[in-house]
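Me: I would like to go through this structure by asking, for each label attached to it, what the label rests on. Please set each value against its cut-off before you conclude.

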Amino acid sequence: MLTLKDRQINAIKQMLNLNQPQTKALAAEPVWKILIYDRIGQDIISPLISIRELRELGVTLHIQLHSDRDSIPDVPAIYFCAPTEENLGRIAQDFQNGLYDVYHLNFISPISRQRLEDLAAGALQAGCVANIHKVYDQYVNFITLEDDMFVLKHQNSDSLSYYAINRANTQDFEMEGIMDSIVDSLFSVFVTLGNVPIIRCPKNSAAEMVARKLEKKLRENLWDARNNLFHMDATQTGTFSFQRPLLILMDRNVDMATPLHHTWTYQALAHDVLELSLNRVIVEDDAEKAAATGAKSKMKACDLDSRDKFWSSHKGSPFPTVAEAIQEELEQYRSSEDEIKKLRTTMGIEGEMDVAFSMVNDNTAKLTNAVNSLPQLMEKKRLIDMHTKIATNILNFIKSRRLDSFFELEEKIMSKQALDRALVEVMKDPEFGTPEDKMRLFIIYYICSNVADAEYQRLEQVLKECGCDLAPMPYVQRWKSIMKSTVTNPNQYEGSGTKTVSMFSKLVTQGSSFVMEGVKNLVVKRHNLPVTKITEQLMECRAGGELDDYLYLDPKLLKGGDVVPKNRAPFQDAIVFMVGGGNYIEYQNLVDFIKTKQTGNASRRIIYGASTLTNAKQFLKQLSLLGQEIGGA
């Protein structure tokens, strides 16, 4: 079964093939063309298709729409951009200047009738109507980062952030704009998947606004006989056989502790401390060398995607496991390298001709083998080096900010376990993390515990002395008082926690390049975060509990029925979408959860989506802005 990522890649490859289905013959000799995209188009393509693959698809040149471009005759030009006023103005300008002979215009989301007419008028005026071969609406207005994960925006993602949705003075028309933008992208996701979902969401939230609008848009499209995007021909059957997927829309307010949580898995750590964005991190190259010589260290970009086997298998592993795995890969690589070295020495045999001759025969086969495996070995070495760099960078942050201890403490707070040392003591310790780390810990403690006023004031005093910015607190306090009246389940994080295993035996004994002294080898207990718990209940269609007041919307029904049908079979597939920003911690938790639910005869899938991806630093900043609004009001 094709994943969301596969389907989006196929849609883009077909577009690059001038909107013709790909055939074997074409793959051998592609039509050469140029690709012109805007920032949004670039964000969509870059995590999916590498520059090498673009070359293989016949793209000789790819450039920004709003850059200075020279005229290139005789080559088809594929435009891939959003249908904004600014972009359409630039395209009309290209028509005027007669830059290209053949235009294929692809809009990331549908172009309105009015704008299409304006564009046509521009083409008439420039006298190039015959040069425009195709105009397509692509419905790919979302960014797929993993097989089972997507976000809506990367550039200008602040326009869909938690702050934008929750700030005090948002005008109605601004809110409508935000919701329309989210709905437009979600609609693209379902057109790409080829299925109409059943929608569940909490009442009276931003998620409900999105759900209602999306239901209306899907229903209108289903009943539109001419333009129905879900009646596909036999070649394009939907991803999910006969079963419809469940779309669970959630509001970020459902769980505010997780986005601030210090994390312990590889991918989430890369996002938290190295600002992983669009599957790429920028790390210091040879930090030690630079420190020794006093030179400025170079920065290096590393791409982390599913083509990298190591990343695919370890992105969800706890950091110590990753460090051990890198070490093992290195050992394997060294032994392969040693074998090749041995061969080279034995090939240099002199003396006895007969012996040498039989040895050469024997070794020729080995040598051929070794030569053939060289490119794979080189690639393996490149990946090991890259992951060593990334892991070393992360390790430096863990040590300097004591991230392992923060993670352990927060897990204890969230699962209501007793703490080894008083929080005031921890906060006072100047060696213990940055003021921002302390603030994250404090907010999680405040959200998950009943803090008495006296204790709150004492902690606040200590935090001020440490140089913490307490701006987020007025907003967090207001949020907590509102949620108290609505949330019935105080133990939403039960079952979490960690245990410390014996120190990194492998790493210590093998003289590893990772110096792990002082870092705790924590193993995380398998537990479900609030988002995952809600997802499980809704997928199983269990009645009872606080989820009964979640709305049930089915766009296929002509009359909107909000009633959950009795005895519904559990869902096999779900799309969980977080309005107001998601994170890799929740994504990983859902991935781990669905792994435990696979049975021999049915595979179950969850796709995680979010309006934006925010790490704790960005989320804390948004809370500060919201707090300042209240504080300054």
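The exchange below takes up confidence, burial, helix packing and backbone angles in turn.

Me: What kind of model is this, and how confident is the predictor in the protein chain?

Reply: This is a predicted model, and the mean pLDDT of the protein chain is 86, with 86% of its residues reaching 70 or more. Two stretches fall under 50: residues 233–241, for which the model has 16 contacts beyond four places in sequence, and residues 502–511, which have 19 contacts in the model beyond near neighbours in sequence.

Me: What makes up the secondary structure, and how much of the protein chain is buried?

Reply: The protein chain comes to 23 helices and 16 strands, and buried residues make up 51% of its 633 residues. The exposed surface is about 30,300 Å², of which carbon and sulfur atoms supply 52%. Among contacts between residues at least 6 apart in sequence, 80% join residues at least 24 apart.

Me: Why is helix 10 called largely enclosed?

Reply: Nine of the nine residues of helix 10, which spans residues 266–274, are buried, so the helix is largely enclosed by the rest of the structure. The residues concerned are Y266, Q267, A268, L269, A270, H271, D272, V273 and L274, and to be called buried a residue must have under 20% relative accessible area. Just after helix 10, E275 takes a positive phi of about 55°.

Me: How do you know whether helix 10 and helix 22 are roughly parallel or antiparallel?

Reply: The axes of helix 10 and helix 22 (residues 584–595) come within 9 Å and cross at roughly 170°. Angles over 145 degrees count as roughly antiparallel, which makes helix 10 roughly antiparallel to helix 22. In this pairing Q267, A268 and H271 of helix 10 meet Y584, I585, Y587 and Q588 of helix 22, and by class the contact has four nonpolar, three polar and no charged residues.

Me: What makes the arrangement of helix 1 and helix 8 roughly perpendicular?

Reply: Helix 1 (residues 4–16) and helix 8 (residues 172–193) pack at an angle of about 90°, with their axes 9 Å apart. The range for roughly perpendicular runs from 65 to 115 degrees, and helix 1 and helix 8 are therefore roughly perpendicular to each other. The contact is made by L4, R7 and Q8 of helix 1 together with V189, T192 and L193 of helix 8, and by class this set has three nonpolar, two polar and one charged residues.

Me: Why is N19 called buried, and why is N156 called exposed?

Reply: N19 has a relative accessible area of 8%, and since the cut-off for buried is under 20%, N19 is called buried. N156 has a relative accessible area of 62%, and because exposed means over 50%, N156 is called exposed. N19 is found in the loop between helix 1 and helix 2, whereas N156 is in the loop between strand 7 and helix 7.

Me: What makes the phi values of N19 and N156 worth a remark?

Reply: Most residues other than glycine have a negative phi. Phi of N19, however, is near 60°, a positive value in a residue other than glycine, and phi of N156 is likewise positive, near 50°.

Me: Why does D592 count as partly exposed?

Reply: D592, which is in helix 22, has a relative accessibility of 24%. Buried requires a value under 20% and exposed a value over 50%, with partly exposed in between, so D592 counts as partly exposed. The C-alpha atoms of D592 and R526, 66 residues apart along the chain, are separated by 8.2 Å.

Me: How do you know whether E215 and S405 are buried or exposed?

Reply: E215, which lies in helix 9, has a relative accessibility of 6%, and S405, which is found in helix 15, has a relative accessible area of 9%. With buried defined as under 20%, E215 counts as buried, and S405 is buried as well. E215 and D554 are 339 residues apart in sequence and 7.2 Å apart in space, C-alpha to C-alpha. S405 touches F432 and K520, not counting residues up to four places away in sequence.

Terms used. Residues are numbered from 1 along each chain as its sequence is written. This is a predicted model: local features need pLDDT of at least 70, side-chain atom pairs count only at pLDDT 80 or more; totals for chains, interfaces and linings use all residues. Side-chain values use heavy atoms; hydrogens and water are left out. Buried means under 20% relative accessible area, exposed over 50%, partly exposed in between (1.4 Å probe, protein chains only). Helices (H or I, at least four residues) and strands (E, at least two) are DSSP runs, numbered from the N terminus. Contact means heavy atoms within 4.5 Å. Accessible areas come from the Shrake-Rupley method with a 1.4 Å probe; for residues, only the protein chains shown count as cover. Axes are lines fitted to C-alpha atoms, for helices over the stretch in contact, and angles run from 0 to 180 degrees between N-to-C directions. Angles under 35 degrees count as roughly parallel, over 145 as roughly antiparallel, 65 to 115 as roughly perpendicular and the rest as oblique. Ala, Val, Leu, Ile, Met, Phe, Trp, Tyr, Cys and Pro count as nonpolar, Asp, Glu, Lys and Arg as charged, and the others, Gly among them, as polar. pLDDT is the predictor's confidence in each residue, from 0 to 100.
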